[in-house]
Amino acid sequence: MGRYIDDILQPGERVLYSTNAHWIYFLPAIAAWIVAIAFLVSSRMIVGDVLVLLSLTMAGLAALFALYKTVTAWFHRWTTETDVTNFRVVHKTGFIQRQTFEMSVDKVESVDVSQSILGRILNYGDVTVFGVGEGGKTLDTITSPLAFRNAITARPAGT
């Protein structure tokens, strides 16, 4: 399966910038894996069959939850594309049920970036693209939001 942007490029159109959902989507999965490992380690440190069984059960449940969160975060990142071409801004999410947002760069009125403190440290944030005569579309938790904004707003001469 190829990238969505490669399938929709028009003649003379080229990709100027691509980004993706940030790895921070994996944070709940990472936390769940840590909890699963903590329960597993604690099962080796305690005595008593009932407590060991309870600890191993909790480790198994936490591992199942962690696996679920890992798969859903990976799938979200795999099925999300955000690109800027010399003609338009394109954002696609979903696999079977696809949702796309496209806006001509000539119609972009402004681009707002919202970053938390952690977002600034880890280089992710939300970008809202406002179009002339249209509402705004917020692209959540993308990598390098300032570079993405600059790719939209910086128009070299002759473009």
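Student: In which helix is Leu 61 found?
Tutor: This is a predicted model, where local features need pLDDT of at least 70, side-chain atom pairs count only at pLDDT 80 or more, and totals for chains, interfaces and linings use all residues. Residues are numbered from 1 along each chain as its sequence is written, and side-chain values use heavy atoms, without hydrogens and water. With helices (H or I, at least four residues) and strands (E, at least two) taken as DSSP runs numbered from the N terminus, Leu 61 belongs to helix 3.

Student: What area does the nonpolar surface patch with Leu 61 have?
Tutor: Patch residues have over 30% relative accessible area (Shrake-Rupley, 1.4 Å probe, only the protein chains shown as cover) and no salt bridge (Lys or Arg side-chain nitrogen within 4 Å of an Asp or Glu carboxyl oxygen), with nonpolar side chains joined within 5 Å. Here Leu 61 is joined by Ile 37, Val 41, Met 45, Ile 46, Leu 51, Leu 54, Met 58 and Leu 64, and the patch covers about 870 Å².

Student: Which helix gives the most to the nonpolar patch?
Tutor: Two helices, 2 (27-45) and 3 (49-78), each supply at least two of its residues. The top contribution is 5 residues, from helix 3.

Student: What is the radius of gyration of the protein?
Tutor: Happily, there is plenty to look at: 5 helices and 7 strands, in the order α-β-α-α-β-β-β-β-α-β-β-α. The globule rule (2.2 Å times the number of residues to the power 0.38) gives 15 Å for 159 residues, and the protein is well over that, so it is more spread out than a compact globule. Along the principal axes, its C-alpha atoms fill a box of roughly 75 × 35 × 25 Å. Taken over C-alpha atoms, the radius of gyration is 21 Å.

Key:
Patch = residues over 30% accessible without salt bridge, like charges linked within 9 Å, V, L, I, M, F, W, Y side chains within 5 Å.
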